[in-house]
Amino acid sequence: LSSKKGKVEREFIKAPMPGKIIDVLVREGSNVLRGEPVVILEAMKMQNEILSPVNGVIVKVSASTNTNVMKDDLLIEIKL
């Protein structure tokens, strides 16, 4: 998403594959750095760290522990 005159840029982190959320490592309102793990997703018996692609503030956490997600389900929304 691009920023135009006062609009806030947001980054959406989506599930890269179907799996189960093992842990959510961030809370709404917290700051996150690029490359910082935000969610642990278990898929095919392997735990995958989902990393933040940007620096920003967590606006919304859609993922919750012990829930199953499908590919492209929204996990985290970050305000840049």
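Two strands pair if DSSP finds at least two bridges between them. Keep that in mind as we walk through this predicted model, starting with a pair of strands that meets the rule.

**Stop 1: E2 and E4**

Select strand E2 (19–24) and strand E4 (37–43). The two run antiparallel and are joined by four bridges. For a landmark on this pairing, show Lys20 and look across to E4, where Glu42 stands opposite.

Now widen the selection to the whole sheet. It is an open sheet of four strands in the order E5-E4-E2-E7, and the pairing is antiparallel. Its edge strands are E5 and strand E7 (68–69), each of which pairs on one side only.

Is E4 mostly enclosed or not? Colour its residues by accessibility to find out. Five of its seven residues are buried, so E4 is largely enclosed by the rest of the structure.

**Stop 2: the E4–E5 hairpin**

Stay with E4 and add strand E5 (46–51). Six bridges join these antiparallel strands. Pro37 is a handy marker here, standing opposite Leu51 in E5.

Next, centre the view on Met44, in the loop between E4 and E5. The hairpin has two residues between its strands, and Met44 takes a positive phi near 50 degrees. Is Met44 buried or exposed? Its relative accessibility is 76%, so Met44 counts as exposed, the cut-off being over 50%.

To get a sense of scale, draw a distance from Met44 to Lys7. Their C-alpha atoms are 39 Å apart in space, with a separation of 37 residues in sequence.

**Stop 3: the nonpolar core**

Which residues have the most contacts inside the largest nonpolar core? Select Ile21, Val38, Leu75, Ile76 and Ile78; the core has 17 residues in total. Strands E2, E4 and E8 (74–79) each supply at least two of its residues.

Zoom in on Ile21 and show what surrounds it. Beyond its neighbours within four places in sequence, Ile21 is in contact with a list of residues that includes Val39, Ile40, Leu41, Ala63, Val69 and Leu75. Polar residues such as Ser64, Thr65, Asn66 and Thr67 are among the contacts of Ile21 too.

**Stop 4: the other sheet**

Follow E8 into another open sheet, where four strands lie in the order E1-E8-E6-E3 with antiparallel pairing. Strand E1 (10–14) and strand E3 (31–32) are the edges, each pairing on one side only.

Pick out strand E6 (56–61) beside E8: they pair in the antiparallel sense over four bridges. Here Val61 stands opposite Ile76 in E8, and Ile76 is one of the core residues from the previous stop.

**Stop 5: the salt bridges**

How many salt bridges does the structure hold? There are two.

For one, show the side chains of Glu77 and Arg10, which meet at 3.3 Å, N to O. This pair links distant parts of the chain, with Glu77 in strand E8 and Arg10 in strand E1, 67 residues apart. Glu77 is buried, with a relative accessible area of 13%, whereas Arg10 counts as partly exposed at 25% relative accessibility.

For the other, move to Lys71 and Asp72, whose closest N and O atoms are 3.7 Å apart. Asp72 is partly exposed, with a relative accessible area of 46%.

How values were computed:
Residues numbered from 1 in each chain as written. Predicted model: local features only at pLDDT ≥ 70, side-chain atom pairs only at ≥ 80, totals over all residues. Heavy atoms only, no water. Buried < 20%, exposed > 50% of the residue type's maximum accessible area, 1.4 Å probe, protein only. Core = buried A, V, L, I, M, F, W, Y, C linked by side-chain atoms within 4.5 Å. Contact = heavy atoms within 4.5 Å. Salt bridge = Lys/Arg side-chain N within 4 Å of Asp/Glu carboxyl O.
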